[in-house]
Amino acid sequence: MANLISFHDVAKHKCKNDCWILIHGKVYDISSFIDEHPGGDNVLLAVTGKDASTDFDDVNHSNEAKETMKKYCIGDVDKSTVPVTAKYIPPWEKESTAETTKEETGNKMLVYLIPLLILGVAFFLRFYNNKQTS
């Protein structure tokens with residue numbers, strides 16, 4: 001059975017001389033590899049304290065890199081200790097969602113306001129015409 005490591009323990013190891021990262025449920029002690037990483041140590045230090053799976057996948061690592069990782073694996077993360085993170089929504093998508101909501105609200109209001117406005121004008125004209133004839 002693999003060594004089960006809590007996410008809290010993984011997050012404690014986040015400096016250059018003592019660096020653990022979490023990728024796809026596996027915990028890697030990359031302290032001895034950090035200086036050799038082709039992307040530099042800052043890239044690795046930036047993903048400590050969180051699940052780095054997405055960051056790892058975004059780079060499209062070679063098969064050789066994935067094979068090299070195996071020797072740094074020290075165990076599996078206890079999935080019950082990994083915090084749930086909200087899905088990232090880029091700002092431009094947030095704005096378009098807000099604009100859509102504003103447009104929908106405006107359209108719904110017009111459905112009620114236009115008939116009320118017509119009704120108000122009709123009453124005004126009737127009242128005004130009644131005063132003219134008297």
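**Figure 1. The annotated transmembrane region spans residues 109-128.** The label "transmembrane region" comes from an unreviewed UniProt entry. The model shown is predicted. Over residues 109-128 the chain is 100% helix. Strand content over this stretch is 0%. The C-alpha atoms at the two ends of the segment lie 28 Å apart.

**Figure 2. Five residues form a nonpolar surface patch.** The members are M109, L113, L116, L119 and F123. Together they offer about 530 Å² of accessible area. One of them, F123, sits in helix α5, which covers residues 91-133. Is F123 buried or exposed? The relative accessible area of F123 is 55%. F123 counts as exposed because that value is over the 50% cut-off.

**Figure 3. H24 carries a positive phi in a loop between two strands.** The phi of H24 is about 50°. H24 is not a glycine. The loop that holds H24 links β3 (18-23) and β4 (26-29). How exposed is H24? Its relative accessible area is 48%, so H24 is classed as partly exposed: buried would need under 20%, exposed over 50%.

**Figure 4. N60 carries a positive phi in a loop between two helices.** Here phi is about 55°. N60, too, is not a glycine. On one side of the loop lies α3 (53-59), and on the other lies α4 (63-69). What is the exposure class of N60? Relative accessibility reaches 66% at N60. N60 is therefore exposed, as the class begins over 50%.

**Figure 5. The protein chain combines 5 helices with 5 strands.** From the N terminus on, the order of elements is β-α-β-β-β-α-α-α-β-α. Helix α5 takes in residues 91-133. The annotated transmembrane region covers residues 109-128. How many of the 134 residues are buried, as a percentage? The buried share is 22%. The chain exposes about 10400 Å². Carbon and sulfur atoms supply 59% of that area. Among contacts with a separation of 6 or more, 65% join residues 24 or more positions apart.

How values were computed: Residues numbered from 1 in each chain as written. Predicted model: local features only at pLDDT ≥ 70, side-chain atom pairs only at ≥ 80, totals over all residues. Heavy atoms only, no water. UniProt positions renumbered as here; feature names shortened; annotations may be inferred. Helix = DSSP H or I, 4+ residues; strand = E, 2+ residues; numbered from the N terminus. Patch = residues over 30% accessible without salt bridge, like charges linked within 9 Å, V, L, I, M, F, W, Y side chains within 5 Å. Areas by Shrake-Rupley, 256 points an atom, 1.4 Å probe, with all protein chains shown as cover. Salt bridge = Lys/Arg side-chain N within 4 Å of Asp/Glu carboxyl O. Buried < 20%, exposed > 50% of the residue type's maximum accessible area, 1.4 Å probe, protein only. Contact = heavy atoms within 4.5 Å.
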